[in-house]
Amino acid sequence: MGRVNHVLITGVPGSGKTTEARRLSKQTGMPVVSLDGLPSRFRGPGYWVRTDGARKLLEELDEPHIVEGTQLLGLRQEETKGHDLRVLTPSKTTVVNRLI
């Protein structure tokens with residue numbers, strides 16, 4: 001089976017990744033996967049999913065999804081080819097206001 005292309009949404013914490021993923025899902029009908037909510041088999045040492053867990057997930061998904069998470073920032077450029085990569089870059093003020 002060939003590689004499946006996904007919408008990848010990433011950015012710093014508080015940049016609006018989850019909000020954008022949900023909005024896009026409503027618009028397109030594509031399912032959303034939040035990297036923060038993945039089961040333990042995708043997690044490295046400790047609680048959080050790391051970039052290697054994101055890579056593993058992308059390899060396992062067999063139909064297009066919207067995948068969102070800060071961990072996608074660690075993907076190499078060649079790993080994002082063919083995907084619709086969206087890097088959210090809100091202002092510092094926007095991020096601070098969302099996080100407090």
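In α2, the residues Thr51, Gly53, Ala54, Leu57 and Leu58 are buried. Looking down the axis of α2, these buried residues fit within an arc of 155°, so they line one face of the helix. What do the buried residues of α2 pack against? They sit against three strands, namely β1, β2 and β3 (66-68). It should be said right away that the model is a predicted one.

Stepping back from that helix, the protein chain has four helices and four strands. Read from the N terminus, its elements go β-α-β-α-β-α-β-α. The chain is 100 residues in length, and buried residues make up 40% of them. Contacts also reach across the sequence: among those in the protein chain with a separation of 6 or more, 71% are between residues 24 or more positions apart. As for the outside, the protein chain exposes about 6200 Å², and carbon and sulfur atoms supply 53% of that area.

Now for the sheet. The four strands make an open sheet with parallel pairing, and the order is β2-β3-β1-β4. Which strands lie at the edges? Those are β2 and β4 (84-88), each of which pairs on one side only. Going from one strand to the next, the twist averages 15°.

Strand β1 (residues 7-11) runs parallel to β4, and five bridges join the two. With β3, β1 also pairs in the parallel sense, this time over three bridges. Val7 shows up in both pairings: its bridge partner in β4 is Asp84, while its bridge partner in β3 is Ile66.

Is β1 enclosed or open to the outside? Five of the five residues of β1 are buried, so the strand is largely enclosed by the rest of the structure. Those residues point to opposite sides: Val7, Ile9 and Gly11 go one way from β1, Leu8 and Thr10 go the other way, and all of them are buried.

That leads on to the nonpolar cores. In soluble globular proteins, nonpolar side chains tend to be buried together. Here, the largest nonpolar core has 13 residues, and the ones touching the most other members are Leu8, Leu35, Leu38, Leu57, Leu58, Val67 and Leu72. Helix α2 gives this core its largest share, three residues. Apart from it lies another core, made of six residues, including Ile9, Leu24, Met30 and Ile66. Leu8 from β1 thus turns up in the list for the 13-residue core, and Ile9 in the core of six residues; on β1, Leu8 and Ile9 point opposite ways.

One last residue deserves a look. Leu38 is found in a loop, the one between β2 (32-34) and α2 (51-60). Why does Leu38 count as buried? Its relative accessibility is 8%, and the buried class covers anything under 20%. Leu38 is also one of the residues that touch the most other members of the largest nonpolar core. Further along the chain by 11 residues comes Val49, and the C-alpha atoms of Leu38 and Val49 are separated by 7.3 Å.

Terms used
Residues are numbered from 1 along each chain as its sequence is written. This is a predicted model: local features need pLDDT of at least 70, side-chain atom pairs count only at pLDDT 80 or more; totals for chains, interfaces and linings use all residues. Side-chain values use heavy atoms; hydrogens and water are left out. Buried means under 20% relative accessible area, exposed over 50%, partly exposed in between (1.4 Å probe, protein chains only). Contact means heavy atoms within 4.5 Å. Accessible areas come from the Shrake-Rupley method with a 1.4 Å probe; for residues, only the protein chains shown count as cover. A nonpolar core is a set of buried Ala, Val, Leu, Ile, Met, Phe, Trp, Tyr and Cys residues joined through side-chain atoms within 4.5 Å. Two strands pair if DSSP finds at least two bridges between them. Axes are lines fitted to C-alpha atoms, for helices over the stretch in contact, and angles run from 0 to 180 degrees between N-to-C directions. The arc is that of the directions from the helix axis to the C-beta atoms.
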